[in-house]
Amino acid sequence: MGVARTPLIAGNWKMNLDHLQSIAFVQKLAWALRDAKHSFSDVEVAVFPPFTDLRSVQTLIAADKLELGHGAQDLSVHDSGAYTGEISGAFLSALACRYVIIGHSERRQYHHESDEVVAQKTVAALRHGLVPVVCVGETAEDLEAHGPSAVPVAQLQVVLDAISVDADVVVAYEPVWAIGSGQAATPEQAQQVCAALRAAIAEKLGEDAAARTRILYGGSVKSGNIAGFMNQKDVDGALVGGASLDVDEFSAIARFRQHVGTV
Ligand code: PEP
């Protein structure tokens with residue numbers, strides 16, 4: 001029998017919402033999901049606010065015993081020391097973060113994060129008990145030159161070389177051309193690459209690791225297209241950017257089970 005992977009709907013807020021706005025947003029999201037009788041044990045929901053919001057979000061979640069998870073958008077490869085502006089995984093753990101996004105294409109593009117840095121950050125996250133959400137994905141030029149799977153698989157290989165068989169990681173396949181463009185991959189394209197990523201995990205870490213690792217799709221996910229992705233065998237959730245800043249949209253995405261079967 002296959003391993004049941006609990007779907008994860010993850011909202012990457014990027015550099016949006018300050019700490020006061022984050023409190024209002026998380027309250028509204030929690031109410032919307034509660035009113036819809038959302039089952040968090042069936043579909044996990046997590047938000048990824050800017051660093052400066054994390055304490056407020058953590059406090060609200062703890063005080064109101066909300067079932068939402070929270071995580072950060074990046075971390076340092078270092079644990080402490082003279083690294084101005086960097087944030088240690090230890091600090092994120094202390095704020096009860098469960099997850100941390102690593103290697104988002106915006107970090108790779110604007111901060112020149114290499115596959116090796118992404119691997120080091122993944123190891124740093126695991127060292128502090130955080131679950132890394134490792135982002136991989138090809139640009140439009142990569143797609144043209146190498147086809148859909150080669151670049152994301154090669155990016156993931158570098159991370160897989162650095163972690164142990166029992167590491168708890170989430171992989172997010174995010175084609176760069178689909179991020180923020182309104183032009184999502186098709187469910188079949190997402191499935192093809194997610195299957196290739198799972199095969200790479202199986203080859204490097206074994207079938208058990210491949211069967212339990214959640215692989216998300218990200219790139220212009222909306223309430224209107226989530227069902228198509230979640231109908232795919234190797235897609236275990238979504239990393240959502242723009243639509244995660246709209247309570248109604250994001251909660252509708254989290255309740256994708258109500259639309260699965262309707263596509
Ligand atoms: C993202 O940046 O991770 C993302 C998927 O963005 P969007 O949903 O806006 O395409």
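These legends describe close-up views of a predicted model.

**View 1. Helix α5 and the elements that cover it.**
Helix α5 runs over residues 115-127. With 13 residues at 1.5 Å a residue, the helix should span 18 Å, and its end C-alpha atoms are indeed 18 Å apart, so the expected and computed spans agree. The buried residues of α5 are V118, A119, K121, T122, A124 and A125. Their cover includes two strands, β4 (99-102) and β5 (131-136), together with two helices, α4 (105-110) and α7 (150-160). After α5 comes G129, which has a positive phi, near 75°.

**View 2. The aromatic pair of W13 and F25.**
The structure holds four aromatic pairs. In the pair of W13 and F25, the ring centres are 5.2 Å apart and the planes stand at 75°; an angle over 60 degrees counts as edge-to-face, so this pair is edge-to-face. The two residues are 12 residues apart and link distant parts of the chain: W13 sits in the loop between β1 (8-12) and α1 (19-35), whereas F25 belongs to helix α1. W13 has 0% relative accessibility and therefore counts as buried. F25, at 7% relative accessibility, counts as buried because the limit is under 20%.

**View 3. An aromatic cluster.**
Which residues do ring pairs link into a cluster? They are Y173, Y217 and F229.

**View 4. The ligand and its surroundings.**
Around the ligand there are 14 residues, of which K14, E174, G180, S220 and G241 come nearest. The side chain of K14 has an N or O atom 2.5 Å from an oxygen atom of the ligand. For the side chain of E174, the distance from an N or O atom to an oxygen atom of the ligand is 2.8 Å. G242 takes part through its backbone, with an N or O atom 2.8 Å from a ligand oxygen atom. On its own the ligand has 290 Å² of accessible area, and the protein covers 95% of that area.

**View 5. A172 in strand β6.**
Strand β6 spans residues 170-173 and contains A172. Is A172 buried or exposed? Its relative accessible area is 0%, so A172 is buried. Apart from neighbours within four places in sequence, the residues in contact with A172 are V133, V134, C135, V136, L216 and L239. One of these, V133, is 39 residues from A172 along the chain, yet the C-alpha atoms of the two are separated by 6.4 Å.

Terms used: Residues are numbered from 1 along each chain as its sequence is written. This is a predicted model: local features need pLDDT of at least 70, side-chain atom pairs count only at pLDDT 80 or more; totals for chains, interfaces and linings use all residues. Side-chain values use heavy atoms; hydrogens and water are left out. Helices (H or I, at least four residues) and strands (E, at least two) are DSSP runs, numbered from the N terminus. The expected span of a helix is 1.5 Å times one less than its number of residues. Buried means under 20% relative accessible area, exposed over 50%, partly exposed in between (1.4 Å probe, protein chains only). Contact means heavy atoms within 4.5 Å. Rings of Phe, Tyr and Trp (its six-membered ring) pair if their centres lie within 6.5 Å; planes under 30 degrees apart count as stacked, over 60 as edge-to-face and the rest as tilted. A residue is near a molecule or strand if one of its heavy atoms lies within 4 Å of it. A polar contact is a pair of N or O atoms within 3.5 Å; within protein, one must be able to donate a hydrogen and the other to accept it, and residues adjacent in sequence count only if both atoms are side-chain atoms. Accessible areas come from the Shrake-Rupley method with a 1.4 Å probe; for residues, only the protein chains shown count as cover.
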